[in-house]
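Please work through the following exercises with the sequence and the three-dimensional view side by side, and try each task before you read its solution.

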Amino acid sequence: MFENLFRKKSITKILEDAAKGYGDHGDSLNKTLGVRDLTAFGIAAIIGAGIFSTIGKASADGGPAVIFLFIFTAVACSFAAFAYAEFASMVPVSGSAYTYSYVAFGELVAWIIGWSLIMEYAIGNITVAISWSDYFTGLLSSIHVPAIGINGIHLPDWMTMDYLTAFNGHAHADALLNAGKSYANLDESVRIANNAWLTAPRIGNFHVVADLPALGIIILITWLVYRGMKESKNASNAMVVVKLAVILLVLSVGIFYVDTANWNPFAPNGVSGVLKGVSAVFFAYIGFDAISTTAEECRNPQKDLPRGMMWAIIICTVLYVAIALVLTGIVKYDQLAVGDPLAFVFDRIDLKLMSGIIAVSAVFAMASVLLVFQMGQPRIWMSMSRDGLLPKRFSKIHPVYKTPSFATVVVGFVVAVPSLFMNLTIVTDLCSIGTLFAFVLVCAGVLVLQNKPDIQRGKFRIPYANAKYIIPVVFAGLLVAGFTLFKTETADFIMNKPRVYGPVSFITSLNTAELKQVQNQIKNEQGQPAVIERNIDAEAYLNGLDLQQYLSFVERSNVAQDKKFESGWGLFKHKIPMWIFLVICVVVTYYCVVKNLSLIPVLGLLSCLYMMCELGISNWIGFGIWLVIGLVVYFLYGFKHSKLNVNNS
């Protein structure tokens, strides 16, 4: 049985099956895509929520230096794109990382990565649908037609967000109000979430909160993807033209309002501040791998797929860096933690027309991302079904539209229902970790097949450089730097030194009695005339202290130690991903020396694994639970029905 878990598909067999139409349904996909279409799909997927939404929070955390995070992420994705391109040239069929892993590692790993990709695309679609809903409702509220009495179309808050956000917002608002903050001083997002919870219709004690605009756009996009690749391609190309035109307009207008004084300090929160946005920034790039799912619909996949991936990453990186510099140049970085940073910036400099144009274009931009993601997932399911790991209906091709029709409809339901209720932060991180896992395995797959002479090669090969002359030196250099230049940080990491909680986490964790003690402590502080005794806003006061003052205040507080400092297992568990990364670095360095591994896929593997480790233990746990569910499905169905199962032959 153990050997059957790692049974592999040969490239020759995969290509033969593709030529025969896989034999089950006879119909094949239309070959309509060229390099220009593939590049457009990549731009459609990459330039969306990242440039219109998450770039704001990342810029607020990292300052103007966030451009280095965009560049680092782009380089890491480029390394992975090289690996994707080599596999796509070698195995030019639908399936993406799933099919590539079937060739390199065998069936069990292929199933795991296929199951991971199901999560990646589904969660990615949910994320984009939620972001689209935010922009769409904002656009509706900005519509003013005095002639017919329309002064903004305002949907009730309870039908524009998910249940969890409303619940958490209400709890967060209660905690801050009890801590002395006035309702007017709450963050706008907290006020809206609190209002959604309080005004939502109820069924018993259940609050009916659901994101209805997200549901609507998913239904529309699913219908478009169902209708055919030609229609999807034309819609994608049109939306790409619109958003590129708007981005160029933003740059050409915004550059005249840049104040270089806003770029000082360039990295206000240091490296840690820049890296804090890794999840949001990486999410902006994940769309490029969706290009590889269209391999069977390319006219010349071995030539066009690599070019399409690379052009998409290069173009989008240049635009991201330029936009980040313009945004942080027009307003100070710490004002950009908003959901619609582009529109916000131009509103601040009183260019209302530009804000309106950006809001309209964002709706198109988000829709184009959703289109590419919603197009990619059914093709993953189709490939898994062809191999027997999912029921045959998932590989059914529509006789007229030439699309995986059943899989497309099921994907619509899988994405639509959770989009009503799921939280944006949770789904972004889960999508990112699933995608990075796929990138890591694709890079590892190239390394596994590197020296095998019996593998049929495609027209594209990754340029070879021997990693043993570079990786060991870099690894040793980083170790030396860690124990010399960053000696304190390294010692704190290894010794698991307790870490103080931030002001918001500290204040919201206190009970009524503890909160009263903290407020009395603030009242008794000397030389603080700004404190109003009758209404002490504890959270605002603590946020106004510098790090040393805040640490001193917390240490003196008469509050339980575990509410002041994170320590022991509670702290160590967050470091587990980084320890995993360090162990894998040692193993990879060893194999670089003894196996002469190729440098580019090694760099792709390590950089993507590092970004996985930055996502935190809670995301690893969620991802692990998803993989366990997948293994249960595999052993109950896929293992027995696999076409490589000797009992099925």
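The four exercises below concern a predicted model, and each one is followed by a worked solution.

**Exercise 1.** Determine which residues of helix α24 are buried, and explain how they are arranged around the helix.

Solution. Begin with the helix itself, which covers residues 547-556 and in which Tyr550, Phe553 and Val554 are buried. Next, look down the axis of α24: the buried residues fall within an arc of 95 degrees, and therefore they line one face of the helix. This fits a general rule, since an α-helix has 3.6 residues a turn, so residues three or four places apart point the same way. Then ask what lies against these buried residues, and you will find that they pack against several elements, including α21 (503-508), α22 (512-524) and β6 (565-566). Finally, turn to the N-terminal end of α24, which is capped by aspartate 546, for one of its side-chain oxygens lies 3.2 Å from the backbone nitrogen of glutamine 548.

**Exercise 2.** Decide whether serine 607 is buried or exposed, and describe its surroundings.

Solution. First locate serine 607 in helix α28, which spans residues 599-613. Its relative accessible area is 9%, and because buried means under 20%, serine 607 is buried. If residues up to four places away in sequence are not counted, serine 607 touches Phe72, Ala76 and Phe79. Within its own part of the chain, a polar atom of the serine 607 side chain lies 3.3 Å from the backbone oxygen of glycine 604.

**Exercise 3.** Classify asparagine 151 in the same manner, as buried, partly exposed or exposed.

Solution. Start by finding asparagine 151 in strand β2, which consists of residues 150-151. Its relative accessible area is 55%, and because exposed means over 50%, asparagine 151 is exposed. Asparagine 151 nevertheless has contacts, and when neighbours within four places in sequence are left aside, these are with Ile143 and His144. The C-alpha atom of asparagine 151 is also separated by 7.9 Å from that of serine 141, a residue 10 places away along the chain.

**Exercise 4.** Find out which residues form the nonpolar patch on the surface, and which helices each supply at least two of them.

Solution. The patch is formed by Leu479, Phe483, Ile494, Met495, Trp569, Phe572 and Trp579, which together have about 760 Å² of accessible area. The helices that each supply at least two of its residues are α19 (471-484), α20 (487-495) and α26 (568-572). Phenylalanine 572, for example, lies in helix α26, and at 32% relative accessibility it counts as partly exposed.

Note on methods:
Residues are numbered from 1 along each chain as its sequence is written. This is a predicted model: local features need pLDDT of at least 70, side-chain atom pairs count only at pLDDT 80 or more; totals for chains, interfaces and linings use all residues. Side-chain values use heavy atoms; hydrogens and water are left out. Patches are made of residues with over 30% relative accessible area and no salt bridge: like charges are joined within 9 Å, nonpolar side chains (Val, Leu, Ile, Met, Phe, Trp, Tyr) within 5 Å. Accessible areas come from the Shrake-Rupley method with a 1.4 Å probe; for residues, only the protein chains shown count as cover. A salt bridge is a side-chain nitrogen of Lys or Arg within 4 Å of a carboxyl oxygen of Asp or Glu. Helices (H or I, at least four residues) and strands (E, at least two) are DSSP runs, numbered from the N terminus. Buried means under 20% relative accessible area, exposed over 50%, partly exposed in between (1.4 Å probe, protein chains only). A polar contact is a pair of N or O atoms within 3.5 Å; within protein, one must be able to donate a hydrogen and the other to accept it, and residues adjacent in sequence count only if both atoms are side-chain atoms. Contact means heavy atoms within 4.5 Å. The arc is that of the directions from the helix axis to the C-beta atoms.
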